[in-house]
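Visitor: I would like to learn how a model of this kind can be read, feature by feature, with the general idea put before the particular case.

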Amino acid sequence: MKIRLAISIAAITLAAPMLAVADEGADTYNVACVACHGSGIAGAPKLEAEAWKGRLEKGEETLIKHAIEGFQGETGFMPAKGGRVDMSDAAITAAVKYMIAEVSK
Ligand code: HEC
């Protein structure tokens with residue numbers, strides 16, 4: 001019994017930081033990115049697999065770089081950090097990872 005309890009506590013402790021990353025990504029997305037990406041304003045790709053097909057091929061690293069530094073593409077202009085330059089690179093990285101996970105479902 002005691003061993004089983006210890007194992008479940010260890011599992012929860014290990015899983016917690018991963019959940020925190022997922023939450024931070026969703027939080028950042030909902031604060032700083034959803035305005036454009038939620039409805040596809042000004043050529044922003046919506047969170048739908050179809051809109052991200054060609055983009056996912058660029059690789060996660062490039063997508064993160066474009067989100068942090070800004071990116072002029074064929075459909076519109078992605079402002080650096082979605083205009084929220086006060087946000088950390090880590091927060092933007094988490095948001096991009098969240099977006100990639102959402103469109104890869
Ligand atoms: C003012 C509107 C706007 C906001 C806010 C915004 N984006 Fe974008 N984003 C765009 C547009 C427009 C594009 C499409 C650019 C293109 O490919 O022509 C884009 C594209 C992207 C891409 C794909 C880049 C590529 O190389 O294909 C990523 C990743 C991205 N945004 C992440 C984010 C994240 C993360 C946030 C929030 C921190 C955010 N965006 C907020 C407008 C916005």
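Guide: We shall go from the overall layout to single residues, then to a helix pair and the ligand, keeping in mind that this is a predicted model.

Visitor: Which elements does the protein chain contain, and what pattern do they follow along the sequence?

Guide: The usual start is to list the elements and then read their order. Here the protein chain has four helices and two strands, and read along the sequence they come in the pattern α-α-α-β-β-α.

Visitor: What share of the residues in the protein chain is buried, and what share of the contacts with a separation of 6 or more joins residues 24 or more positions apart?

Guide: Of the 105 residues in the protein chain, 18% are buried. As for the contacts with a separation of 6 or more, 63% of them link residues that stand 24 or more positions apart.

Visitor: Where does Ala-42 lie, and is Ala-42 buried or exposed?

Guide: With a single residue one looks at its backbone, its place and its surroundings in turn. Ala-42 has a positive phi of about 55 degrees although it is not a glycine, and its place is the loop between helix H1 (2-37) and helix H2 (49-56). Ala-42 counts as exposed because it has 12 C-beta neighbours inside 10 Å, and a residue is called exposed at 12 or fewer.

Visitor: Where is Lys-81 found, and why does Lys-81 count as buried or exposed?

Guide: Lys-81 also invites a look at the backbone, since its phi is near 55 degrees, a positive value in a residue other than glycine. Lys-81 is found in the loop between strand E2 (77-78) and helix H4 (89-103). Because Lys-81 has 21 C-beta neighbours inside 10 Å, it counts as buried, the cut-off being 20 or more.

Visitor: At what angle do helix H3 and H4 pack, and what is the hand of their crossing?

Guide: For a helix pair one takes the angle, the distance between the axes, and then the residues that make the contact. Helix H3 (residues 60-69) packs with H4 at an angle of about 130 degrees, and their axes are 9 Å apart. H3 is therefore oblique to H4, and H3 passes H4 in a right-handed crossing. On the side of H3 the contact is made by Glu-60, Leu-63, Ile-64, Ala-67 and Ile-68, while H4 brings Asp-89, Ile-92, Thr-93, Val-96 and Ile-100. By character, the residues of this contact of H3 with H4 are seven nonpolar, one polar and two charged.

Visitor: Is Asp-89 buried or exposed, and how far apart are Asp-89 and Ile-68 in sequence and in space?

Guide: Asp-89, which lies in helix H4, is exposed because 12 other C-beta atoms are within 10 Å. Asp-89 and Ile-68 are 21 residues apart in sequence, and from C-alpha to C-alpha they are 6.6 Å apart in space.

Visitor: With which residues is Arg-55 in contact, leaving aside its neighbours within four places in sequence?

Guide: Arg-55 lies in helix H2 and is in contact with Pro-45 and Leu-63, once neighbours within four places in sequence are left aside. Having 16 other C-beta atoms within 10 Å, Arg-55 is partly exposed. Between the C-alpha atoms of Arg-55 and Ile-100, which are 45 residues apart along the chain, the separation is 9.6 Å.

Visitor: What separates the C-alpha atoms of Asp-27 and Tyr-98, and those of Ser-104 and Leu-56?

Guide: Such pairs are read by setting the distance along the chain beside the distance in space. Asp-27, in helix H1, is partly exposed with 14 C-beta neighbours inside 10 Å; its C-alpha atom is separated by 9.5 Å from that of Tyr-98, 71 residues apart along the chain. Ser-104, found in the segment after H4, is exposed, with 9 other C-beta atoms within 10 Å. The C-alpha atoms of Ser-104 and Leu-56 are separated by 8.9 Å, and these residues are 48 residues apart along the chain.

Visitor: Which residues come nearest to the ligand, and which element gives the most to the shell around the ligand?

Guide: Around the ligand there are 30 residues, of which Cys-33, Cys-36, Gly-73, Gly-76 and Gly-82 come nearest. H1, H3, E2 and H4 each supply at least two residues of this shell, and H1 gives the most, with six residues. The shell residues divide into 16 nonpolar, nine polar and five charged.

Technical notes. Residues are numbered from 1 along each chain as its sequence is written. This is a predicted model: local features need pLDDT of at least 70, side-chain atom pairs count only at pLDDT 80 or more; totals for chains, interfaces and linings use all residues. Two residues are in contact if their C-beta atoms, placed from the backbone, lie within 7 Å. Axes are lines fitted to C-alpha atoms, for helices over the stretch in contact, and angles run from 0 to 180 degrees between N-to-C directions. Angles under 35 degrees count as roughly parallel, over 145 as roughly antiparallel, 65 to 115 as roughly perpendicular and the rest as oblique. A crossing is left-handed if the near helix is turned anticlockwise from the far one by less than a right angle, and right-handed if clockwise. Ala, Val, Leu, Ile, Met, Phe, Trp, Tyr, Cys and Pro count as nonpolar, Asp, Glu, Lys and Arg as charged, and the others, Gly among them, as polar. A residue is near a molecule or strand if its C-beta atom, placed from the backbone, lies within 6 Å of it.
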